[in-house]
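Reader: Please take one part of this model and go through it closely. I would like the geometry spelled out, with the reasoning kept short.

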Amino acid sequence: VSYSSRYEVVEPVAYDGDSQAQQTLGLLHFAGVGGAELDLRVSAYWHAAAAAQGNIDALATLGGCVRRGIGAERDEAAGLALIKAAAKAGSAVGLVKLGCLHDEGLTPGAGSDPYLAARLFARAAAQ
């Protein structure tokens, strides 16, 4: 599939309910690439649709959207909870996102913890 036609190939599969295709549409809309328009609300919608079906990487990405208010109403606590849930479930995306938050000291009530971040990154890499 050519890069510029990814959207047209993935869209019908996403509408048929495939959570991987839904997550892919979310990513394409987030960046406005692969033939998709840049649309952060639509991106969050597709990540939520995929997460609702148990796609834990989409759950982690949705958590980032909610935490930062990108395409969704901003709620740092709820976004962090989604990221933590995805990480706990073994999502590599969730582990990396949580690692970045710990590395940068962006986890409420905790300072920067590069050692914890490194352990989370290693768990993600081992997947």
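Author: What follows looks at helix α2 and then at the aromatic pairs. The model is predicted.

Start with the length of α2. The helix covers residues 19-31, which makes 13 residues. At 1.5 Å a residue, the expected span is 18 Å. The end C-alpha atoms lie 19 Å apart, which agrees.

Next, the two ends. Asp18 caps the N-terminal end of α2. One of its side-chain oxygens sits 3.0 Å from the backbone nitrogen of Gln20. Just after the helix comes Gly32, with a positive phi of about 65 degrees.

Now the buried side. The buried residues of α2 are Ser19, Ala21, Gln22, Gln23, Leu25, Gly26, Leu28 and His29. Residues three or four places apart in an α-helix point the same way, because a turn takes 3.6 residues. The cover over the buried residues of α2 includes α1, α3 and α4 (56-68).

Two of those covering helices, α1 and α3, also share an aromatic pair. The count of aromatic pairs is two. In one of them, the ring centres of Tyr15 and Trp46 are 5.0 Å apart. Their planes stand at 90 degrees, so the pair is edge-to-face. Tyr15 belongs to α1 (residues 6-15) and Trp46 to α3 (residues 40-52), so the pair ties together parts 31 residues apart in sequence. Tyr15 is exposed, at 57% relative accessible area. Trp46 is buried, at 5%. Tyr45 and Trp46 also pair edge-to-face, with 5.1 Å between centres and 80 degrees between planes. Tyr15, Tyr45 and Trp46 thus make up one aromatic cluster.

How values were computed:
Residues numbered from 1 in each chain as written. Predicted model: local features only at pLDDT ≥ 70, side-chain atom pairs only at ≥ 80, totals over all residues. Heavy atoms only, no water. Phe/Tyr/Trp six-rings, centres within 6.5 Å; stacked < 30°, edge-to-face > 60°. Helix = DSSP H or I, 4+ residues; strand = E, 2+ residues; numbered from the N terminus. Buried < 20%, exposed > 50% of the residue type's maximum accessible area, 1.4 Å probe, protein only. Expected span 1.5 Å × (residues − 1). Contact = heavy atoms within 4.5 Å. Polar contact = N/O pair within 3.5 Å; in protein donor to acceptor, adjacent residues only side chain to side chain.
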